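Trainee: Could you take one part of this model and walk me through it closely? After that, I'd like to know how it fits with everything around it.

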Amino acid sequence: MALLEIENLHVSYGSVEVLHGISLHVDEGEIVTLLGANGAGKSTTLLSISRLVNPREGRITFDGKNLLDYESYQVVGLGVAQSPEGRRVFGTMTVQENLMLGAFQVHSETIKQNTLEWIFQLFPRLLERRSQMAGTLSGGEQQMLAMGRALMSNPKLLMLDEPSMGLAPILVEQIFDIIEKLNEAGTTILLVEQNAQAALAIADKAYVLETGKIILSGTGAELARSEQVKKAYLGG
Ligand code: ATP
């Protein structure tokens, strides 16, 4: 059974439909990537799963539950967390305070502390900077913080919206290494990326979204070989 299943999802902003009936599924333990140009609808897909935008039609099932029956804060409790595009860390709060916000659904102090320690192991830089204001972190550090904050809820499914955006190649590599590590430790990943090469290299499965429709899907390796993908997303 798929951990996440999207069927025939239609989403509109006002009177403009931007997702025209997309379907996709993510099995437990997979890394699935969603590729597409600016404006294709990738973020809208993630926001629909997080219940921050309301679909006009279609179904979203997570872990056997109809997500459309839940509010966004409850979706976190079911095991879905999102690291948003542009990081959206709270600049005038410390690193640790930002992380703690991600655990708003976790009631046990012991679990919170253990998760925090695990995140500091994963991102030693965040431990060094735990008392620093998030607004003073570098772009790469803010990305780590946004991922760490999402992980504080101990999600089954972690959704990452363009984690490599604006980062130097060495940092991109680090972020992708961490995504793989997290996946090996058992977290299922739904990854939205413009960096197709890096994303396809780690993905079990990939979907290509173009103006609100899925136009291609396959294994990461299949799509990396596809002429269409090479031409549009891998620079020829
Ligand atoms: P990007 O990489 O640029 O974020 P994307 O693939 O994530 O692109 P979306 O952000 O999902 O694309 O946007 C899909 C379409 O919906 C675009 O045409 C965009 O202009 C439009 N859109 C997104 N958010 C809104 C909004 N709040 N109101 C109106 N239109 C929106």
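Mentor: Let's start at α1, where Lys 42, Thr 44, Thr 45, Leu 46, Ser 48 and Ile 49 are buried. Keep in mind that this is a predicted model. The helix covers residues 42-49, and with six of its eight residues buried, α1 is mostly covered. Right after the helix comes a backbone detail you might want to check in your own viewer: Arg 51 has a positive phi of about 70°.

Now for the surroundings, beginning with the sheet. Six strands form an open sheet in the order β6-β7-β8-β3-β9-β10, and the pairing is mixed. At its edges sit β6 (80-83) and β10 (213-219), each of which pairs on one side only. Ignoring direction, neighbouring strands in this sheet are turned by 15° against each other on average. As a reminder, strands in a sheet pair through backbone hydrogen bonds, in either a parallel or an antiparallel way.

You get both senses here. β7 (residues 157-161) and β8 (residues 188-193) run parallel, with five bridges joining them. If you want one pair to click on, Asp 161 has Val 192 in β8 as its bridge partner. Over at the other pair, β9 (residues 205-210) meets β10 in the antiparallel sense, over six bridges. Val 208 faces Leu 216 of β10 there. The two strands make a hairpin with two residues between them, and Thr 211 in that turn has a positive phi of about 35°. A helix packs here too: α6 (residues 139-151) lies across β6 and β7, and runs at about 170° to β6.

Next, the loop between β7 and α7 (169-184), which is where you'll find Ser 164. Ser 164 has a relative accessibility of 8%, so it counts as buried, the cut-off being under 20%. Leaving aside residues up to four places away in sequence, Ser 164 touches Val 172, Phe 176, Glu 193 and Asn 195. One of these neighbours does more than touch: the side chains of Ser 164 and Glu 193 are joined by a polar contact of 3.0 Å. Glu 193 falls within the residue range of β8, so that contact links the loop to the sheet.

Gly 166 is in that loop between β7 and α7 as well. Here the value goes the other way: Gly 166 has a relative accessible area of 79%, so it is exposed, the cut-off being over 50%. For a sense of scale, the C-alpha atoms of Gly 166 and His 20 are 29 Å apart, with their positions 146 residues apart along the chain.

Finally, zoom out. The chain has 10 helices and 10 strands. Its radius of gyration is 17 Å, close to the 18 Å the globule rule gives for 236 residues, so the chain is as compact as a globular protein of that length. The C-alpha atoms fill a box of roughly 45 × 40 × 35 Å along the principal axes. Buried residues account for 50% of the 236. Of the contacts between residues at least 6 apart in sequence, 67% join residues at least 24 apart. The chain exposes about 10,800 Å², and carbon and sulfur atoms supply 49% of that area.

Technical notes: Residues are numbered from 1 along each chain as its sequence is written. This is a predicted model: local features need pLDDT of at least 70, side-chain atom pairs count only at pLDDT 80 or more; totals for chains, interfaces and linings use all residues. Side-chain values use heavy atoms; hydrogens and water are left out. Two strands pair if DSSP finds at least two bridges between them. Helices (H or I, at least four residues) and strands (E, at least two) are DSSP runs, numbered from the N terminus. Axes are lines fitted to C-alpha atoms, for helices over the stretch in contact, and angles run from 0 to 180 degrees between N-to-C directions. Contact means heavy atoms within 4.5 Å. The radius of gyration is taken over C-alpha atoms; the globule rule is 2.2 Å times the number of residues to the power 0.38. Buried means under 20% relative accessible area, exposed over 50%, partly exposed in between (1.4 Å probe, protein chains only). Accessible areas come from the Shrake-Rupley method with a 1.4 Å probe; for residues, only the protein chains shown count as cover. A polar contact is a pair of N or O atoms within 3.5 Å; within protein, one must be able to donate a hydrogen and the other to accept it, and residues adjacent in sequence count only if both atoms are side-chain atoms.
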